[in-house]
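I opened this notebook to keep track of what I looked up in the structure, one topic at a time. Here is the structure I worked from.

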Amino acid sequence: MELGEFERDNAGSCRLGSAVPQLCKAGPCCLGIDEAGRGPVLGPMVYGVCYCPLAKQEELGALKMAGKDKSITGDGRQSWGAPWLPVNAPWDFIGWAVHILSPNLISTSMQQRAKYNLNALSHDTAIGLIQHVLDAGVQVTEVFVDTVGPAEKYQEKLKRHFPELEVTVRPKADSLFPIVSAASICAKVARDRAVKNWRFLEDLGDVSLEYGSGYPNDPKTKEWLAQCLDPVFGYPQFVRFSWSTAQTILESKAVPVHWDDSESDPALQGTRSVLSFFARKEASKRQPHRFFHERKLETVTGL
């Protein structure tokens, strides 16, 4: 699984995937969706999909992947997953795709003026991946999804977008459906590699790169967050600065910033708005050029 495209520019998002197996274009297929890295304060969140022909589900089930994504971690997960990943494998009936969402994208989405919460971001990413696979020519008929938020509402939302598909949304779907567990492993392998090979654009100086698990309750992660904080510019883009753990450290250790608000501060009442300096000036007394006069063109102030 190569992530070179994301590693070259890790500030936004990136969608990657395998070549589509011919069998997946020839007959009805099932598709599973799961994510990795929803909770950590460090690193990207990755959504993964796997798909295979319905006729091959028994072979997929024989790999006994259901639940394996949780019991195997790190290098062990990558080496265990390698035999069936299409990029390495004789398995010619499984396809996959991942969508990597950078920490910077997650934080800016959650903190923009029109709030875009993590659930909505997750739903839209899953919908985008399903559509991506359909557009690639895969004959998807059944979709299995690990839920984000209430399962019934999420299932209804997906059915509205894809009324022609049979959609099943369940909590812990990765332990129930092998195709979802396969998707989960794809997502986790991609996240593991993205975190391991993260290219810091910022100069961290002597700060150690031993940042623990990346989860907010990990003492090692909290210690690293305190060490890498710049008092003026905040955190490197590896950090999800919208997480409460990061915000708490920012509030206690960063330089405070006060934004004057003329609407609420009586002392600033009557102060000219910045926009007023860009307003159009009053019409000049100077006569217009003959070009306009000859063509009977006049300046208007409204349409």
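**Strands and one helix**

I began with strand β3, which is joined to strand β4 (residues 95-101) by seven bridges, the two strands running antiparallel. I noted that this is a predicted model, and I kept that in mind for each entry below.

To fix one position in this pairing, I looked up Gly-48 and found that its bridge partner in β4 is Val-98.

I then turned to the other pairing of β3, and found that strand β2 (residues 29-36) pairs with β3 in the antiparallel sense over eight bridges. In this pairing I found Ala-36 standing opposite Val-46 of β3.

Next I asked myself why β3 can be called largely enclosed by the rest of the structure. Strand β3 covers residues 45-53, and nine of its nine residues are buried, so the strand is largely enclosed by the rest of the structure. For this step I needed the cut-off, since buried means under 20% relative accessible area.

I went back to β4 and looked up its pairing with β1, which is antiparallel and extends over five bridges. Here Gly-17 stands opposite Ala-97 in β4.

Which side chains of strand β1 (residues 13-17) point to one face and which to the other? I found that they alternate: Cys-14 and Leu-16 point to one face and are buried, whereas Ser-13, Arg-15 and Gly-17 point to the other face and are not buried.

After the strands I looked at helix α7, which runs over residues 118-135 and has 18 residues. From its first C-alpha to its last the helix reaches 25 Å, which is close to the 26 Å expected at 1.5 Å a residue.

I checked both ends of α7 as well. At the N-terminal end the helix is capped by Asn-117, with a side-chain oxygen of that residue lying 3.1 Å from the backbone nitrogen of Asn-119. The residue Gly-137 follows α7, and its phi is positive, near 100°.

I also listed buried residues of α7, among them Leu-118, Leu-121, His-123, Ile-127, Ile-130 and Val-133.

Last, I looked up totals for the whole protein chain, whose secondary structure comes to 12 helices and six strands. Of its 303 residues, 42% count as buried. The accessible surface of the chain comes to about 17,600 Å², and 53% of this belongs to carbon and sulfur atoms. Among contacts in the chain with a separation of 6 or more, I found that 72% are between residues 24 or more positions apart.

Definitions and conventions. Residues numbered from 1 in each chain as written. Predicted model: local features only at pLDDT ≥ 70, side-chain atom pairs only at ≥ 80, totals over all residues. Heavy atoms only, no water. Helix = DSSP H or I, 4+ residues; strand = E, 2+ residues; numbered from the N terminus. Expected span 1.5 Å × (residues − 1). Buried < 20%, exposed > 50% of the residue type's maximum accessible area, 1.4 Å probe, protein only. Polar contact = N/O pair within 3.5 Å; in protein donor to acceptor, adjacent residues only side chain to side chain. Contact = heavy atoms within 4.5 Å. Areas by Shrake-Rupley, 256 points an atom, 1.4 Å probe, with all protein chains shown as cover. Pairing = 2+ DSSP bridges.
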